[in-house]
Amino acid sequence: AIFHDHVPIVSYYNDRITPLLDAVDRLRQLQVMTEGIQLPTIVVVGDQSSGKSSVLESLACINLPRGDGICTRVPLIMRLKHHPSLVPEIFLQFNDKTVPTDEAHVADAINLATHEIAGNGKDISNTELTLVVKKNGVPDLTLVDLPGITRVPVHGQPENIYEQIAKIIMKYISPDESVILNVLSASVDFSTCESIMMSQKVDKKGERTIAVVTKVDKSPEGLLEKVTRNDVNVGLGYVCVRNRIGNESYEDARKEEAALFAAHQLLSKIDKSTVGIQANIIAKCLPDIVRKIDEKLKTSISEWNRMPRRLLSVAEVMAVFTGIIGSSKESLRKILLRGEIDEYLYEKEMHCTARLVEMLNQFSTELHNCSDHTKKFMMYEIEVLEETKGIELPNILPHTAFLTILQQKVEEISELPIGFVEKVWTYIEGVVISVLDRHSENYHQLQLFIRRVAHKLVAKMKDRSIDWVTEIVQMEKETDYTCNPEYMKEWNKLMAQQHTVIEDIMQRGRYYLVKIEGFGDVKVGHLMEYKLILPKAFDLKMRVTAYWKVVLMRLVDNMALHLQLSIRNLVNKEMEKEIFNELVSTAGDVIERMLEEPPSVANKREKLNTSIKLLRESKEVLANIRDKIEWGDH
């Protein structure tokens, strides 16, 4: 409420309203909005030439820029403050500077500041200009005056002037805490006013919209019906005012306004029971503000409590260090050795045993898919037998032939085990560093050191695994042996079909595709000409096939055992030993860095401290008026 029955605008602020406005103004001074908490704000909007300037001048008792076209080209934050001294204190704040002025020159000072912000032309800007008026008799109030709405650009204005103004207005009137003060001229149809249409977009029920009707002395006819009918849904009601005329003093203007509403045949019938509307809106918002301040304060205190304790001695550094290593080892045991996922329930990448099994299965599949046993069936075996034959009994199968084929098959898959080892250790490195980072997140200097050591350790263990797997592959390539009974069992099963298969091959006229157990349908037409060597070639093929199954299984099993042992050693022995060895060799540097709080942590600590102090002061401000004023919905 900005107006009262027959008394000047500034006389509304009684004992109930002033504490609320003081509280909000104090919160604004504390910059509580920097904590993301919106404060109730009166946003003044109106079509061009609706009389906005007159309304604001009546509140502040100072002259504002006037003229044709858009007078307000930037958001003007007006902070009015009752001042006990009879000498007003007036100044502008913009672009990180403060410019003092006085009553006689305030309009010129605003124009100069506007030119500096938005240029000398007729462009507008969304950069705020703050006008602070400390003057005896003015209300304690902060409001935002926005550019007047115009659809038609004048000379020197951009073609999209309406869109620019609308964007600024919507930014300020959209928050639920904003009270929309719509300035309307009595001479127009309210439903056609752009400001009304904009406010209806964000406040459809009009619960936070109030209308100030200007120039009522010039268009009194039908005004009572307009404000009574309320076609445009202004929920907080209408307040009708008479504009100051010419050089009329503010005191004279108030007397004339009071006399007009008392004696005018039509205007005297208008209900002026709008006392305290603004205070009621603020009172409604305050419980939510208190809740948000409490939530923000709890969050800040919780974050403060999670901040690392300042380390003041070598003993404290070592205690923290030992604690981080111990907790990290336990987490790694859970996820890498025991398969427990409670610490990383929703992070599937950290369900390590499951991911390692998937990688191992994929490795096994790739190994088995690497060789095609049916392509040019038995031709390679025939070629090898021809090239390794010697002066010997014809039914002897040369061992050299077997080794030649085995070496070629091992060579085909030799890169897969090394690639698998590299893939696994890359994954483990990510897991280890992630766990160490989580347990050392409050100690940035130590975190960098531990991360570097972990990277070095995993690289060392990866090299060991590559050396091991390279030796295993070489062993499979150069030698052949197994005591696995599955080899003989598989070979005998495959050899049982030798006679039938060779007969089918020789009868090419009847059969072109031959079904061979373990191979499926195989093209064999090309083998008829090798009748004499076919039995040997078939035997060699079946021996290699049976033995190759053993080799692949042995590679996968050995790889699984090696990785389990390596990971167990990493977690239980190597990690702690490597980190402490590295710490001993660079102890002075690490401990010195630990004792020096990094700027980022110090800045965060200072910021949190400032935030907690600000929020506590804000709570105190609101607590001081809780007992004096009822607030909330009432």
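Which elements do the buried residues of helix 5 pack against? In this predicted model, the buried residues of helix 5 pack against strand 1, helix 4 (161-173), strand 7 and strand 8. The residues in question are Glu194, Ser195, Ile196, Met198 and Ser199. An α-helix has 3.6 residues a turn, so residues three or four places apart point the same way.

The sheet beneath this helix is a good place to continue. It is an open sheet of nine strands with mixed pairing, and its order is 4-3-5-2-6-1-7-8-9. Strand 4 (97-101) and strand 9 form the edges, each pairing on one side only. On average, neighbouring strands of the sheet are turned by 25° against each other, direction ignored.

Two helices can be placed on the strands. Helix 3 (residues 106-118) lies across strand 3 (89-94), strand 4 and strand 5 (129-135), and runs at about 5° to strand 3. Helix 5 (residues 194-202) packs on the sheet too, where it touches strand 1 (41-46), strand 7 (178-185) and strand 8. The direction of helix 5 makes about 155° with that of strand 7.

Strand 8 deserves a closer look. Strand 7 and strand 8 run parallel and are joined by six bridges; within this pairing, Leu184 has Val213 of strand 8 as its bridge partner. From strand 7 the chain crosses through helix 5 to strand 8, a β-α-β crossover that is right-handed. Strand 8 (residues 209-214) also runs parallel to strand 9, to which three bridges join it. Here Val213 appears again, standing opposite Cys240 in strand 9.

How many of the six residues of strand 8 are buried? Six of the six are, which leaves the strand mostly covered. In a regular strand the side chains alternate between the two faces of the sheet. In strand 8, Thr209, Ala211 and Val213 are buried on one side, while Ile210, Val212 and Thr214 are buried on the other, and both faces are thus covered.

Just before strand 9 comes a glycine with contacts to strand 8. Gly237 sits in the loop between helix 6 (223-229) and strand 9 (238-240). Leaving aside neighbours within four places in sequence, Gly237 is in contact with Thr209, Ile210 and Ala211. Gly237 and Gly206 are 31 residues apart in sequence, yet their C-alpha atoms are 9.2 Å apart in space.

The nonpolar cores complete the picture. The largest has 91 residues, and those with the most contacts inside it are Leu332, Ile335, Phe377 and Leu527. Helix 17 (residues 534-585) gives the most to this core, contributing 23 residues. Phe377 shows what such a position looks like: beyond residues up to four places away in sequence, its contacts include Ile516, Phe519, Val522, Leu527 and Met542. Apart from this core lies another, of 33 residues, among them Leu80, Val138, Leu143 and Val179.

Finally, the cysteines. A search of the whole structure finds zero disulfides. Are Cys352 and Cys370 buried or partly exposed? Cys352 has a relative accessible area of 1%, so it is buried, being under the 20% limit. Cys370 counts as partly exposed because its relative accessibility is 32%, in between the limits of 20% and 50%.

Conventions:
Residues numbered from 1 in each chain as written. Predicted model: local features only at pLDDT ≥ 70, side-chain atom pairs only at ≥ 80, totals over all residues. Heavy atoms only, no water. Core = buried A, V, L, I, M, F, W, Y, C linked by side-chain atoms within 4.5 Å. Buried < 20%, exposed > 50% of the residue type's maximum accessible area, 1.4 Å probe, protein only. Helix = DSSP H or I, 4+ residues; strand = E, 2+ residues; numbered from the N terminus. Contact = heavy atoms within 4.5 Å. Pairing = 2+ DSSP bridges. Axes fitted to C-alpha atoms, helices over the stretch in contact; angles between N-to-C directions. Disulfide = S-S within 2.5 Å. Right-handed = clockwise from strand over helix to strand, strands pointing away.
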